[in-house]
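Subject: Structure for you to look at

Dear colleague,

I am handing over the structure we spoke about, and I would be glad if you could open it beside this message while you read. My notes come after it.

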Number of protein chains: 2
Amino acid sequence: MAHSRLNELIEKATKLFAEKGFAASSMRDLAHEMGIEAASLYSHIHSKEEMLEIICFKKADQFLAALDEVNDIYFNAEEKLRMAIKLHVSIICKNPNASKVFIDEWRHLEEPHKLKFIEKRNLYELGILEILKTGEQENLFKEVDLKFATLTILSTVNWINQWYNPQGKMKPEEIANELSNFILTGLKK
Amino acid sequence: MAHSRLNELIEKATKLFAEKGFAASSMRDLAHEMGIEAASLYSHIHSKEEMLEIICFKKADQFLAALDEVNDIYFNAEEKLRMAIKLHVSIICKNPNASKVFIDEWRHLEEPHKLKFIEKRNLYELGILEILKTGEQENLFKEVDLKFATLTILSTVNWINQWYNPQGKMKPEEIANELSNFILTGLKK
DNA sequence: ATATTTGCCTAACAACCGTTAGCCCATGGC
DNA sequence: GCCATGGGCTAACGGTTGTTAGGCAAATAT
């Protein structure tokens with residue numbers, strides 16, 4: 001069970017950062033959650049910021065891996081977009097706390113990690129944009145401002161985090177489906 | 001010019017809270033921005049949290065007023081939704097910093113203000129939902145999960161804040177138009 | 001001319017912050 | 001049986017936090 005205590009720590013830190021925000025979470029809060037003294041945390045990590053790093057980059061890598069998965073198989077643009085949305089929603093719903101930190105708290109990263117993080121984020125954004133571009137070329141999608149559409153889609157799929165409840169009636173798969181339909185065909189009859 | 005110094009303070013606080021987050025912004029930071037000592041801030045406000053209150057509730061009231069404006073005139077549901085989106089985008093773009101605080105930092109409000117704030121927020125959400133319901137009844141909109149659609153729309157219009165640039169090429173009016181089209185008719189050709 | 005208010009100051013408060021140093025003890029491999 | 005390692009402890013550090021008390025000078029109102 002190497003690192004099992006570290007895993008527990010990161011998990012608790014994730015929950016705390018998600019609920020109170022990184023800046024408002026103290027090492028003593030976190031230590032209390034772990035049932036130990038604040039100083040003892042440093043047997044597992046080097047600094048508070050390192051935990052934020054671990055959480056943010058793990059999540060970033062998950063999203064990028066999902067992008068690779070989508071691009072590995074050949075689909076048309078609509079199918080690709082649907083799959084990208086499905087994977088995105090699934091990653092978010094699998095760990096809403098970590099997702100909240102990924103979405104809201106990364107700005108408290110220190111340089112140079114912050115820059116590295118933004119680069120990864122941009123890479124993901126670019127992957128989605130590429131799918132939309134393909135869709136335009138295949139004459140499946142309307143001609144739209146691609147950057148604008150990308151951001152709109154990402155806003156929609158990221159917002160889930162604000163209200164998603166694992167005990168709620170909607171399963172991630174359903175959410176992804178509804179969302180895909182909404183994004184593709186809109187609200188009008 | 002009664003309160004002009006207070007206005008300046010709230011403005012500076014808004015900027016600071018938006019950029020660094022409420023918890024990571026110190027009274028000494030803020031005092032430095034004002035060119036005075038930290039203790040002097042208390043000639044204008046009672047506490048750090050009070051400033052957050054002022055910012056959040058002012059914004060909340062703006063959104064609720066916009067809702068009234070929409071409901072004052074008779075339109076069909078599509079026109080209502082377009083107008084609601086236009087006003088929403090306009091409020092956000094008029095003061096992106098205050099909007100950021102309204103969207104992201106309200107959770108640092110202390111009770112009972114936090115609860116009051118959530119109530120106002122729910123009221124607004126309900127207003128949008130009501131418009132969608134009308135649209136369904138008028139047979140203009142698809143039958144969808146109304147709550148789900150409401151949250152999706154709000155996510156989209158709130159996200160603008162993350163990338164809107166007053167110096168950018170898109171004016172608020174245009175953004176609102178594009179967004180309305182996207183929400184109403186989706187991406188597919 | 002006098003009284004009041006506004007807006008700032010210095011000094012200080014108790015509490016809390018992230019982090020380090022140094023020590024101890026239980027566990028498990030050799 | 002010995003030693004390394006992991007995982008905790010106490011004590012303490014220098015700094016920062018929001019906030020209060022009390023005073024002072026200039027502007028304003030009477």
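What follows goes through the overall fold, the DNA contacts, the helix packing and the peptide bonds, in that order.

Please keep in mind throughout that this is a predicted model, and that the values below are computed from it.

Overall fold

The secondary structure of chain A comes to 8 helices and 0 strands, so that line of elements, read from the N terminus on, is simply α-α-α-α-α-α-α-α. Along its principal axes, the C-alpha trace of chain A spans about 60 × 40 × 30 Å.

DNA strand D

Around DNA strand D there are 16 residues, and the closest of them are Arg5(A), Glu37(A), Ser40(A), His44(A) and Tyr42(B), which come from chains A and B. Of the atoms of this strand that lie within 4 Å of the protein, 53% belong to sugar or phosphate, while the rest belong to bases. Three contacts to phosphate oxygens of DNA strand D may be worth inspecting individually: a polar side-chain atom of Arg5(A) lies 2.7 Å from one, an N or O atom in the side chain of Tyr42(B) is 2.7 Å from one, and a polar side-chain atom of Ser26(B) lies 3.5 Å from one. Sorted by class, the surface near DNA strand D has 5 nonpolar, 6 polar and 5 charged residues.

DNA strand C

DNA strand C is likewise surrounded by 16 residues, of which the closest are Tyr42(A), Arg5(B), Glu37(B), Ser40(B) and His44(B). Sugar and phosphate account for 49% of the atoms of DNA strand C that come within 4 Å of the protein. His44(B) places a polar side-chain atom 2.7 Å from a phosphate oxygen of DNA strand C, and Lys48(A) has a polar backbone atom 2.8 Å from a phosphate oxygen of that strand. Arg28(A), by contrast, has a polar side-chain atom that lies 2.9 Å from a base nitrogen of DNA strand C. The surface near DNA strand C divides into 5 nonpolar, 6 polar and 5 charged residues.

Helix packing

In chain B, the axes of helix α4 (residues 77–94) and helix α7 (residues 146–163) come within 9 Å and cross at roughly 30°. Angles under 35 degrees count as roughly parallel, and α4(B) and α7(B) are therefore roughly parallel to each other, in a crossing that is right-handed. On the α4(B) side the contact uses Leu81(B), Ile85(B), His88(B), Val89(B), Ile92(B) and Cys93(B), and these meet Ile153(B), Leu154(B), Val157(B), Asn158(B), Ile160(B) and Asn161(B) of α7(B). By class, this contact of α4(B) with α7(B) has 9 nonpolar, 3 polar and no charged residues.

Also in chain B, helix α3 (residues 48–72) packs with α5(B) at an angle of about 100°, their axes being 9 Å apart, and α3(B) and α5(B) are therefore roughly perpendicular to each other. The contact is made by Leu52(B), Ile55(B), Cys56(B), Lys59(B), Ala60(B) and Phe63(B) of α3(B), together with Ala98(B), Ser99(B), Val101(B), Phe102(B) and Glu105(B) of α5(B). Its residues divide into 8 nonpolar, 1 polar and 2 charged.

In chain A, the axes of helix α4 (residues 77–94) and helix α8 (residues 172–185) come within 9 Å and cross at roughly 140°, which makes α4(A) oblique to α8(A). The crossing of these two helices is right-handed. The residues of α4(A) that take part include Leu81(A), Ile85(A) and Val89(A), and those of α8(A) include Ile175(A), Leu179(A) and Ile183(A). By class, the contact of α4(A) with α8(A) has 10 nonpolar, 3 polar and 4 charged residues.

Cis peptide bonds

Most peptide bonds are trans, and for that reason I list the following separately. In chain A, a cis peptide bond joins Glu111(A) and Pro112(A), with omega about 5°, and Pro112(A) is found in the loop between α5 (96–105) and α6 (113–137). In chain B, a cis peptide bond joins Glu111(B) and Pro112(B), again with omega about 5°, and Pro112(B) is found in the loop between α5 (96–105) and α6 (113–137) of that chain.

With best wishes

Technical notes
Residues numbered from 1 in each chain as written. Chains lettered and ligands numbered in written order. Predicted model: local features only at pLDDT ≥ 70, side-chain atom pairs only at ≥ 80, totals over all residues. Heavy atoms only, no water. Near = heavy atom within 4 Å. Polar contact = N/O pair within 3.5 Å; in protein donor to acceptor, adjacent residues only side chain to side chain. Nonpolar A, V, L, I, M, F, W, Y, C, P; charged D, E, K, R; others polar. Axes fitted to C-alpha atoms, helices over the stretch in contact; angles between N-to-C directions. Helix = DSSP H or I, 4+ residues; strand = E, 2+ residues; numbered from the N terminus. Parallel < 35°, antiparallel > 145°, perpendicular 65-115°, else oblique. Left-handed = near helix turned anticlockwise from the far one by under 90°. Contact = heavy atoms within 4.5 Å.
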